[in-house]
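Subject: Structure for you to look at

Hello,

Here is the structure I promised to pass on. Please open it first, then read my notes below.

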Amino acid sequence: MPKARKQFGSADDIEHAFYDAIGRADLDALMALWADDEEIVCIHPDGTRLIGFSAIRASWAEIFAGSGFHIHPVQLHASQNMMSAVHNLIEEVSTAEGTKRDVHIIATNVYVKTPQGWRIVVHHASAAPGKHEPQKVSTTVLH
């Protein structure tokens, strides 16, 4: 695992870094965003549940080795308190050439505030056919 990692001041900051790292296919930057906890979970659209740093890293390495793609997160719905945040969003997927695919991803990202700043503990993504329907979404802050 990486030794020195950037601290993120908010769940929004780390989410931006997450999708930026995916867009650049930067495995080290992506994995530096996860919590130092073997209980972290990643579920890709194929339905495979991965638990732990090594399994998650191996899966993203395989994804990045394939043909390129871009993910653009839209329609964020967030629920947050002082120590955790749950973001549900739609991911628009396009090929490396910019062609939009006739599928969208519904994703849930869970973040926790650690002594090292905000970190990802869960990424769960499910494929949904067709284009997504625009929705009005709101952000909820729990006290």
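Is E91 buried or exposed? E91 counts as buried, because its relative accessibility is 3% and the cut-off for buried is under 20%. One caution before the rest: this is a predicted model.

**E91 and its surroundings**

E91 sits in strand β4, which covers residues 84–95. The E91 side chain makes a polar contact with the side chain of Y19, at 2.5 Å. Beyond its neighbours within four places in sequence, E91 touches Y19, I71, H72, P73, H104, I105, A107, H123 and A125. Y19 is itself buried, since its relative accessible area is 7%.

**The aromatic residues**

Y19 also belongs to an aromatic group. The structure holds 3 aromatic pairs. One of them joins F18 and Y19 edge-to-face, with 5.0 Å centre to centre and 80° between the planes. F18 counts as buried, because its relative accessibility is 1%. F18 also pairs edge-to-face with W60: here the centres are 6.2 Å apart and the planes make an angle of 85°. That pair links distant parts of the chain, 42 residues apart. F18 is in helix α1 (residues 11–24), and W60 is in helix α3 (residues 53–65). Both F18 and W60 are buried. One aromatic cluster takes in F18, Y19, W60 and F64.

**Helix α3**

W60 leads on to its helix. Does the length of α3 fit its residue count, and what should its 13 residues span? At 1.5 Å a residue they should span 18 Å, and the end C-alpha atoms are 18 Å apart, so the two agree.

Which residues of α3 are buried? They are F53, I56, S59, W60 and F64. These residues cover an arc of only 135° around the axis, so they lie on the same side of α3. A general point helps here. An α-helix has 3.6 residues a turn, so residues three or four places apart point the same way. On the other side of α3, S54, E62 and A65 are exposed.

What covers the buried residues of α3? The cover includes α1, α2 (27–31), β1 (41–43), β2 (49–51) and β6 (117–129).

**Q80**

Q80 lies in strand β3, residues 69–80. Q80 counts as partly exposed, because its relative accessibility is 24% and partly exposed lies between 20% and 50%. The C-alpha atoms of Q80 and Y111 are separated by 9.2 Å, and these residues are 31 apart along the chain.

**The protein as a whole**

The protein has 3 helices and 7 strands. Their order from the N terminus is α-α-β-β-α-β-β-β-β-β. Of its 143 residues, 39% count as buried. Take the contacts between residues at least 6 apart in sequence: 56% of them join residues at least 24 apart. The exposed area is about 8100 Å², and carbon and sulfur atoms supply 55% of it.

**Where to look**

Start at Y19. Y19 meets the side chain of E91 in a polar contact, and Y19 shares an aromatic cluster with F18, W60 and F64. From W60, follow α3 and compare its two sides: F53, I56, S59, W60 and F64 are buried, whereas S54, E62 and A65 are exposed.

Best wishes

Conventions. Residues are numbered from 1 along each chain as its sequence is written. This is a predicted model: local features need pLDDT of at least 70, side-chain atom pairs count only at pLDDT 80 or more; totals for chains, interfaces and linings use all residues. Side-chain values use heavy atoms; hydrogens and water are left out. Rings of Phe, Tyr and Trp (its six-membered ring) pair if their centres lie within 6.5 Å; planes under 30 degrees apart count as stacked, over 60 as edge-to-face and the rest as tilted. Buried means under 20% relative accessible area, exposed over 50%, partly exposed in between (1.4 Å probe, protein chains only). Helices (H or I, at least four residues) and strands (E, at least two) are DSSP runs, numbered from the N terminus. The expected span of a helix is 1.5 Å times one less than its number of residues. The arc is that of the directions from the helix axis to the C-beta atoms. Contact means heavy atoms within 4.5 Å. Accessible areas come from the Shrake-Rupley method with a 1.4 Å probe; for residues, only the protein chains shown count as cover. A polar contact is a pair of N or O atoms within 3.5 Å; within protein, one must be able to donate a hydrogen and the other to accept it, and residues adjacent in sequence count only if both atoms are side-chain atoms.
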